[in-house]
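Biologist: I'd like to learn how you read a model like this one, feature by feature. Can we go through it together?

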Amino acid sequence: MENGVSDPAEVRSFLEGDPRVIAPLILGAVLTHNSEAGPVSVRLTEVEAYMGPKDSEHPDPGSHTFGGPTARNAPMFGPPGFLYVYFTYGMHYCANIVCGPDGSPSALLLRAGEIVDGEGLAAVRRPASKAHKDLASGPARLASALGLTTSDTGRDALAEPFSLWLPAVPAAAVASGPRVGVAGPGGTTEYPWRFWIEDDPTVSRYKAARPRKRPASG
């Protein structure tokens, strides 16, 4: 990738900020997983910002951290640039990149993207996808295309076998709105923390949340 920011120290410094500020700026960034099966790279076109526990400076009822630290959400309490991958609905993995200073939990859920390298491998991992634009259109599809599972949670997304290139120029047209699949207050218009590149064909379709005991996203 040319004309982007790839130095891990610079990228980590960028990720130390507030995810609500980072989210529109990270659109167009390219995340690569160079697994044993080969590399796959995805250009991010849609993300959601998530903040902290109910007793924090920025409580977020839609976040996995809202009730406090657990073994599952521990990576979100760590340093920026690391992965938080969780299993949901008994069948899907979803991936987040941790943001904010170490100890101040927040993250970006990687909701959708365009496969820009390793399309063949991504297609093998996503046999149900009928078109290129569908390979990583949705958080479960994106994680699957990249070959991410809970075994990757807590791993550094800025070090081998991963890399993250930031765009040299922010996306020209960015929209925002309520998060997807988050029940209760965290899924309302009071939390318009989903950001996407307007008119990009890989952006997932908005779906209202179904009532459930646990938030759907990280």
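Biologist: Which residue follows α4, and what is its phi?

Modeller: Keep in mind that this is a predicted model. Right after α4 comes G147, with a positive phi near 75 degrees.

Biologist: And the helix itself? Which residues of α4 are buried?

Modeller: Helix α4 spans residues 139-146, and its buried members are P139, L142, A143, A145 and L146.

Biologist: How do I read that pattern? Why do they sit on the same side of α4?

Modeller: The general idea first: an α-helix has 3.6 residues a turn, so residues three or four places apart point the same way. Here the buried residues of α4 cover an arc of only 165 degrees around the axis, and that puts them on the same side of the helix.

Biologist: What do the buried residues of α4 pack against?

Modeller: Their partners are four strands, β1 (30-35), β2, β4 (92-99) and β5 (106-117), plus helix α3 (119-125).

Biologist: Let's move to the cores. How many residues has the largest nonpolar core, and which have the most contacts inside it?

Modeller: That core has 40 residues, and L15, I26 and L164 have the most contacts within it. Strand β2 (residues 38-50) gives the largest share, 5 residues. Take L164 as a case: leaving out residues up to four places away in sequence, L164 touches V5, S6, V11, L15, I26, A29, V30, L31, I97, A157 and L158. There's also a second, separate core of 9 residues, with Y50, M76, C94 and A107 among them.

Biologist: C94 is a cysteine, so how many disulfides should I count, and how do I decide?

Modeller: You look for two cysteine sulfur atoms within 2.5 Å. By that rule the count is 0. The cysteine sulfur closest to that of C94 is in C99, and at 16 Å the gap is too far for a bond. Going the other way, C99 is in no disulfide either, its nearest cysteine sulfur being that of C94.

Biologist: Are these two cysteines buried or exposed?

Modeller: The cut-off for buried is under 20% relative accessible area. C94 counts as buried because its relative accessibility is 6%, and C99, at 0%, is buried as well.

Biologist: One last spot. Where is V180, and is it buried or exposed?

Modeller: V180 lies in the loop between β7 (174-177) and β8 (194-197). At 8% relative accessibility, V180 is buried. Look at Y206 too: 26 residues separate it from V180 along the chain, yet their C-alpha atoms are 6.2 Å apart.

Terms used: Residues are numbered from 1 along each chain as its sequence is written. This is a predicted model: local features need pLDDT of at least 70, side-chain atom pairs count only at pLDDT 80 or more; totals for chains, interfaces and linings use all residues. Side-chain values use heavy atoms; hydrogens and water are left out. Helices (H or I, at least four residues) and strands (E, at least two) are DSSP runs, numbered from the N terminus. Buried means under 20% relative accessible area, exposed over 50%, partly exposed in between (1.4 Å probe, protein chains only). A nonpolar core is a set of buried Ala, Val, Leu, Ile, Met, Phe, Trp, Tyr and Cys residues joined through side-chain atoms within 4.5 Å. Contact means heavy atoms within 4.5 Å. The arc is that of the directions from the helix axis to the C-beta atoms.
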